[in-house]
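This report takes a chain from its overall dimensions down to single backbone angles. Please keep the sequence and the coordinates at hand while reading.

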Amino acid sequence: MKKRVTIADVARKAGVSVGTVSAVLNNRPTVREHTRRRVLAAIEELGYQPSPSARALGAMQGDGKVFEPAIGLIIKEMDNPFYSEVVIGAQEYLASRGYISFVCTSEGSYEKEGELLRAFQNRYVQGAVIAPVLDARADLSHLFMLRRAEYPFVLLEAVQGLQVNVVSVDNIRAAQMAVSYLIERGHERIVHFAGPPYTQHTRDRILGVEKAFSQSHLRFTDEVIIPAGAHLQDGYEAALEYFRTHRDSLPTGVTCFNDLVAMGVLRALHELGIRVPEEVSVIGFDDIPMAAYLSTPLTSVRVPKREMGARAAELLLELIEAHDRGEQLPPRHIVLEAELVERATTRAL
């Protein structure tokens with residue numbers, strides 16, 4: 001059976017992006033004439049015909065155009081600036097390759113994540129970048145089914161037992177780095193305000209805290225971990241409760257699941273009259289843009305958020321193009337480096 005010629009084949013033959021071929025097919029005026037002629041020549045030489053699904057979608061839109069190549073992005077929290085930066089990085093790369101993108105949020109629900117992925121498949125979305133929901137109860141069958149269906153996708157967290165493409169940071173090492181930074185500066189009473197249960201990041205960062213303790217003279221106990229969450233209110237409420245009941249035995253150092261939690265902690269400490277960093281040093285995680293602009297700029301573990309989005313999008317397009325050629329690439333796990341950015345919320349004892 002002769003393999004169907006794809007839009008990726010045309011792009012490769014003409015030496016242009018998939019988006020440029022799409023623009024030519026849709027008769028958009030943004031393409032230079034000599035490029036248009038080259039693309040049309042490649043279409044004729046290869047005998048390319050848009051798929052029935054592409055023409056059907058154009059008919060549904062009422063304009064008869066071939067659909068724009070589209071990618072889906074699923075994040076966990078719409079109000080988290082970390083994901084905003086990841087999305088910007090992905091969208092900038094996708095736009096440069098001629099793809100549009102749809103951004104959706106699961107809000108920590110694996111059921112909703114599955115529904116969104118099924119909607120992507122039914123609406124001709126060619127692939128997805130996913131920040132998966134990974135709590136202990138999560139039914140991840142939709143991800144395994146995507147893998148079996150050979151639907152192209154890239155995860156922003158690894159899923160145990162699922163050999164797929166992932167772009168992430170080493171959360172264990174990054175969290176260990178933050179705690180070790182405090183230990184090296186003389187802090188011995190350290191606690192960690194932990195994240196929500198629906199993400200592997202929470203467990204990995206707790207493991208990083210435990211590892212930093214194990215490599216020092218300090219003893220790790222369950223009391224080191226303070227359940228919080230992922231949002232400003234989570235950090236604020238958890239810190240109010242914790243520091244009100246520990247006024248006589250204040251920790252001197254605090255690490256947090258993310259910068260939003262850290263900002264909530266800072267607000268609670270201010271209301272309680274506990275000075276930062278004179279009495280308590282605070283470290284966030286992610287280094288979102290506003291961290292540097294607080295009245296007391298926040299020390300944070302910097303994650304290359306835009307690079308993460310761009311690398312995930314790049315890897316996804318490689319998968320899609322290989323899929324169009326009838327090839328299957330081996331899974332890759334790209335691990336990006338995090339670094340500690342020292343600002344005014346920490347001090348040496």
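Strands, such as the one that holds Asp286, are DSSP runs of E with at least two residues, and they are numbered from the N terminus. The model discussed here is predicted, and every value below was computed from it.

**Overall picture**

The protein has 12 helices and 12 strands, and its C-alpha atoms fill a box of roughly 80 × 40 × 35 Å when that box is taken along the principal axes. Of its 349 residues, 55% count as buried. Among contacts between residues at least 6 apart in sequence, 73% join residues at least 24 apart. One separation may serve as a scale for these dimensions: the C-alpha atoms of Glu33 and Thr202 are separated by 53 Å, with their positions 169 residues apart along the chain. Glu33 is placed in helix α3, which covers residues 33-46, and Glu33 counts as partly exposed because its relative accessibility is 46%.

**Helix α10 and its surroundings**

Helix α10 runs over residues 232-244, and its 13 residues reach 18 Å from the first C-alpha to the last, close to the 18 Å expected at 1.5 Å a residue. Its buried residues are Gly235, Tyr236, Ala238, Ala239, Leu240, Tyr242 and Phe243. What covers these buried residues includes the strands β6 (190-194), β7 (225-227) and β8 (253-256), together with helix α11 (259-271).

Two of the residues just named also take part in ring contacts. Phe193, Tyr242 and Phe243 form one aromatic cluster, and both Tyr242 and Phe243 are buried.

**Aromatic rings and a charge over them**

How many aromatic pairs does the structure hold? There are 5 aromatic pairs. In the pair of Phe82 and Tyr83 the ring centres lie 5.0 Å apart and the planes meet at 75°, so this pair is edge-to-face, the cut-off for that class being over 60 degrees. The pair of Tyr242 and Phe243 is also edge-to-face, with 5.2 Å from centre to centre and 85° between the planes. As for burial, Phe82 and Tyr83 are both buried.

Arg205 is placed over two rings: it lies over the face of Phe257 at 4.8 Å from the ring centre, and over the face of Phe285 at 3.7 Å from the ring centre.

**Packing of α6 against α7**

Helix α6 (residues 110-122) and helix α7 (residues 141-148) pack at an angle of about 25°, and their axes are 9 Å apart. Angles under 35 degrees count as roughly parallel, and α6 and α7 are therefore roughly parallel to each other. On the side of α6 the contact is made by Tyr110, Glu113, Gly114, Leu117 and Gln121, and on the side of α7 by His142, Leu143 and Leu146.

**Backbone geometry that calls for a check**

Most residues other than glycine have a negative phi, and most peptide bonds are trans. The table lists two residues with a positive phi.

| Residue | Phi | Place | Relative accessibility |
|---|---|---|---|
| Glu107 | near 50° | loop between β2 (100-105) and α6 | 42%, partly exposed |
| Asp286 | about 110° | strand β9 | 5%, buried |

Glu107, with its positive phi, counts as partly exposed because its relative accessibility is 42%, whereas Asp286 counts as buried because its relative accessibility is 5%.

Which peptide bond is cis, with omega near 5°? The bond from Val276 to Pro277 is the one in question. Pro277 has its place in the loop between α11 and β9 (281-286), and Val276 lies in the loop between α11 and β9 as well. Val276 counts as buried because its relative accessibility is 18%, the limit for that class being under 20%. Leaving aside neighbours within four places in sequence, Val276 is in contact with Leu266, Leu269, Val282, Thr296 and Thr345. The C-alpha atoms of Val276 and His192 are separated by 16 Å, and these two residues are 84 residues apart along the chain.

Conventions:
Residues numbered from 1 in each chain as written. Predicted model: local features only at pLDDT ≥ 70, side-chain atom pairs only at ≥ 80, totals over all residues. Heavy atoms only, no water. Helix = DSSP H or I, 4+ residues; strand = E, 2+ residues; numbered from the N terminus. Expected span 1.5 Å × (residues − 1). Buried < 20%, exposed > 50% of the residue type's maximum accessible area, 1.4 Å probe, protein only. Contact = heavy atoms within 4.5 Å. Phe/Tyr/Trp six-rings, centres within 6.5 Å; stacked < 30°, edge-to-face > 60°. Lys NZ or Arg CZ within 6 Å of the ring centre and 35° of its normal. Axes fitted to C-alpha atoms, helices over the stretch in contact; angles between N-to-C directions. Parallel < 35°, antiparallel > 145°, perpendicular 65-115°, else oblique.
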